[in-house]
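Welcome to the tour. Please open your viewer, switch on a cartoon view, and keep the selection tool at hand.

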Amino acid sequence: MLGQNVISIDFGCKNIKVVEGRQQGNGVVLEKAVAIPAPPNSIKDGKILDIKKMADTISDVLQQERMNSKKAVIAIKSTAIITRDIIIPYVKKDQIEAIVKMEIARYLPIMLNEYVTEYRVMEEFMEDNVKKIKLLVVALPKKIVEDYLELLKELHLKPVALDITSNALSKLFIPGVLINDEIFSLDQTVSIIDIGHASINVNIISKGVIQFSRLITTGSEDIDINLINSFNLSPEDAEKTKIEQSNLRMNADLTADEAVINDAVKSIVDNWIREIQRVFQYHLSRENNNKIDKIYLYGAGALINGLSEYIRISFNIPAEQIKTVSSVKTSRKTELIELSGYLDASGAIIRR
């Protein structure tokens, strides 16, 4: 698939991101990119509720945007996805899968025949003079996989891969990559946080490898709901107010009305911070040398004025919104887009 254009679709509960692009070296070149509203009642928590409605919506966009590639990859996130670290004695590669299945059957509360499982080798190490392998194991309900395959069939697209967004994202953080025009150091352990409409995906990446990921069931939608209930706004006005009239920077110059709105926004953000803190504490408690050196934010919620500064002060950790990633480039045919909104779809194109 290297060098060939493919369609990559990132499924959110509010917006569906569709890109057409190709892998180039360890990065991606995007030819086209578009975000479309998810059809009402068509998807929830990564599960497709109405395949026909979803297929019709995406098919229209593919035709309008003249995205003609016949192969497709998919990126999803869902609380139904189970991820676990598993440590096993060192064995040959062709023996790992059988051991993984035995470990899953022993330790995970699932019926193995109802899940699709994959694993990734995170590291090999010595412990008590015994060589061992640390694996990241992912289990996804077969029903979810089958529904996405059926969707691609409706779209007349050949499935190449189904990726979880945390893994797709990690493939962009390669040696020498520039994040906001600064070299990303593989020596750092970073948390890359996707603040979406209905969820927050907290990812921990160390040495360019995803170490840990948790999906928190809160997001920027909660701010909209708070503004709607507090100020009798329409959903559209609430979303606009959230971005244009709030400012979480220290000593921000706000009018009296803006200060009231700011407090409504801040009350939800404070809840985000408490939830993220729980995830950080769990990560830090797993091993003595675990750390978090920097926080990167992306997603629609990251557009809130002053959020990066508020996060930095709350955690006492450097934080910034992702604006550019050098491993994602655009062709001359692509109009100027906010690349950070397409990171998951872009990373899913990369196959290794």
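Is A319 buried or exposed? Select A319 and show its surroundings: with a relative accessible area of 15%, A319 is buried, since the cut-off for that word is under 20%. Before going further, please keep in mind that this is a predicted model.

**Stop 1: around A319**

You will find A319 in strand β17, which covers residues 319–321. Now add I295, S308, I311 and R312 as sticks; these are the residues that A319 contacts once neighbours within four places in sequence are set aside. Next, select L248 and draw a distance between the two C-alpha atoms: A319 and L248 are separated by 14 Å, with their positions 71 residues apart along the chain.

**Stop 2: the largest nonpolar core**

Select F173, I179, I192, I322 and L343. These residues have the most contacts inside the largest nonpolar core, which has 35 residues. To see where the core draws its members from, colour β3 (27–37), β6 (71–76), α4 (165–170), β13, β15 (209–216), β16 (294–298) and α9 (343–349), each of which supplies at least two residues. Of these, α9 gives the most, with four residues. As background, nonpolar side chains in soluble globular proteins tend to be buried together.

Stay with I179 for a moment. Leaving out residues up to four places away in sequence, I179 touches F173, F184, Y296, I322, T324 and V325.

A further core of 32 residues lies apart from this one. To locate it, select L248, I268, I311 and F315, which are among its members. Two of these names may ring a bell: L248 was the partner in our distance from A319, and I311 is a contact of A319.

**Stop 3: an aromatic cluster**

Return to F173 and show it together with F184 and Y296. These three residues form one aromatic cluster. The whole structure contains five aromatic pairs, and two of them can be inspected here.

Begin with F173 and F184. Their ring centres are 5.2 Å apart and their planes meet at 80°, so the pair is edge-to-face. F173 sits in the loop between α4 and β11 (178–179), while F184 sits in the loop between β12 (182–183) and β13, eleven residues apart.

Then turn to F173 and Y296. Here the centres are 6.4 Å apart and the planes are at 50°, so this pair is tilted. Because F173 lies in the loop between α4 and β11 and Y296 in strand β16, the pair ties together parts that are 123 residues apart in sequence.

How buried is each ring-bearing residue? F173 has a relative accessible area of 2% and is buried. F184 is also buried, at 2% relative accessibility, and Y296 counts as buried at 4%.

**Stop 4: D194 on β13**

Follow strand β13 (residues 189–195) to D194. At 6% relative accessibility, D194 counts as buried. Which residues is D194 in contact with? Setting aside neighbours within four places in sequence, show K77, S199, I200, N201, Y298, G299 and D344.

K77 offers a short detour. Select A33 in strand β3, which is buried at 18% relative accessibility. A33 and K77 are 44 residues apart in sequence, and their C-alpha atoms lie 20 Å apart in space.

**Stop 5: a hairpin**

Now pick strands β8 (residues 115–127) and β9 (residues 130–141). They run antiparallel and are joined by twelve bridges. Check the register at E118, which stands opposite V138 in β9. The two strands form a hairpin with two residues between them, and D128 in the turn has a positive phi of about 55°.

While you are on β9, select K131 and Y90: K131 lies over the face of Y90, at 4.3 Å from the ring centre. For another example of this arrangement, look at K17, whose charged end sits over the ring of Y342, 5.5 Å from its centre.

**Stop 6: helix α7**

Finish by selecting residues 256–286, helix α7. This helix has 31 residues and reaches 45 Å from its first C-alpha to its last, close to the 45 Å expected at 1.5 Å a residue. Colour its buried residues, which include I261, V265, I268, W272, I276 and F280. I268 is a familiar face, being one of the members of the 32-residue core.

Technical notes
Residues are numbered from 1 along each chain as its sequence is written. This is a predicted model: local features need pLDDT of at least 70, side-chain atom pairs count only at pLDDT 80 or more; totals for chains, interfaces and linings use all residues. Side-chain values use heavy atoms; hydrogens and water are left out. Two strands pair if DSSP finds at least two bridges between them. Buried means under 20% relative accessible area, exposed over 50%, partly exposed in between (1.4 Å probe, protein chains only). Contact means heavy atoms within 4.5 Å. A nonpolar core is a set of buried Ala, Val, Leu, Ile, Met, Phe, Trp, Tyr and Cys residues joined through side-chain atoms within 4.5 Å. Rings of Phe, Tyr and Trp (its six-membered ring) pair if their centres lie within 6.5 Å; planes under 30 degrees apart count as stacked, over 60 as edge-to-face and the rest as tilted. A charge sits over a ring if NZ of Lys or CZ of Arg is within 6 Å of the ring centre and within 35 degrees of the ring normal. The expected span of a helix is 1.5 Å times one less than its number of residues.
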